[in-house]
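Please take a moment to look at the sequence and the 3D structure side by side, and keep both in view while you read.

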Amino acid sequence: MNYYALTNNFVWDLDQRASAKDAENYAINQFNIHQARDGYLIVNRAELKEIVRLGLKRLEAEGVF
């Protein structure tokens, strides 16, 4: 499954990993994600798509587009 690491200002594509824990370990080792000032979130592709969909819906409701 493909995983992604999210911070408040960036998204890293972690490629295919066996589990979310494996993806988190990869992000920590490769990108020092554990040092992100406001924290981080590890999500799979479906979760990322839902986050983006909800964000766009909110922006649309606020009249941004």
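The paragraphs below go from the whole chain to a few chosen residues and then to a group of rings.

It should be said at the outset that this is a predicted model, and that the values given here were computed from its atoms. The protein chain contains two helices and three strands, and if you follow these elements from the N terminus onward, they come in the order β-β-α-β-α. Taken along the principal axes, the box filled by the C-alpha atoms of the protein chain is roughly 40 × 25 × 15 Å.

What share of the 65 residues in the protein chain is buried? Buried residues account for 23% of them, while the area that the protein chain exposes is about 4900 Å², with 50% of it supplied by carbon and sulfur atoms. The side chains of the protein chain include 8 positive and 9 negative ones, and the centres of these two sets are 2 Å apart. If we consider the contacts between residues at least 6 apart in sequence, 39% of them join residues that are at least 24 apart.

With this picture in mind, we can turn to Leu-6, which belongs to strand E1. Is Leu-6 buried or exposed? Leu-6 counts as buried because its relative accessibility is 12%, and the limit for being buried is under 20%. When residues up to four places away in sequence are not counted, Leu-6 touches Val-11, Gly-39, Tyr-40, Leu-41, Val-43, Leu-48 and Ile-51. Leu-6 and Ala-36 are 30 residues apart along the chain, and 9.7 Å separates their C-alpha atoms.

The next residue, Thr-7, is found in the loop between strand E1 (2-6) and strand E2 (11-16). Thr-7 is buried as well, since its relative accessible area is 17%. Beyond the residues up to four places away in sequence, Thr-7 touches Trp-12, Ile-33, Ala-36, Gly-39 and Tyr-40.

One of the residues touched by Leu-6 is Leu-41, whose place is in strand E3 (residues 41-44). Leu-41 is partly exposed, because its relative accessible area is 42%, and partly exposed residues are those between the limits of 20% and 50%. Once its neighbours within four places in sequence are left aside, Leu-41 is in contact with Tyr-4, Ala-5, Leu-6 and Ile-51. Leu-41 and Tyr-3 lie 38 residues apart in sequence, and their distance in space, from C-alpha to C-alpha, is 10 Å.

Finally, we come to the aromatic rings. How many aromatic pairs are there, if rings pair when their centres lie within 6.5 Å? The count comes to three aromatic pairs. In one of them, Tyr-26 and Phe-31 are 6.1 Å apart from centre to centre, with 85 degrees between the planes, and the pair is edge-to-face; an angle over 60 degrees is what this term requires. Tyr-26 is partly exposed, since its relative accessible area is 24%, and Phe-31 is also partly exposed, with a value of 32%. Ring pairs join Phe-10, Trp-12, Tyr-26 and Phe-31 into a cluster, and Trp-12 in this cluster is also one of the residues that Thr-7 touches. Tyr-26 has a charged partner too, for Arg-17 lies over the face of Tyr-26, at 3.7 Å from the ring centre.

Technical notes
Residues numbered from 1 in each chain as written. Predicted model: local features only at pLDDT ≥ 70, side-chain atom pairs only at ≥ 80, totals over all residues. Heavy atoms only, no water. Phe/Tyr/Trp six-rings, centres within 6.5 Å; stacked < 30°, edge-to-face > 60°. Buried < 20%, exposed > 50% of the residue type's maximum accessible area, 1.4 Å probe, protein only. Lys NZ or Arg CZ within 6 Å of the ring centre and 35° of its normal. Helix = DSSP H or I, 4+ residues; strand = E, 2+ residues; numbered from the N terminus. Contact = heavy atoms within 4.5 Å. Areas by Shrake-Rupley, 256 points an atom, 1.4 Å probe, with all protein chains shown as cover. Lys, Arg positive; Asp, Glu negative; His and termini not counted. Charge placed at Lys NZ, Arg CZ, Asp CG, Glu CD.
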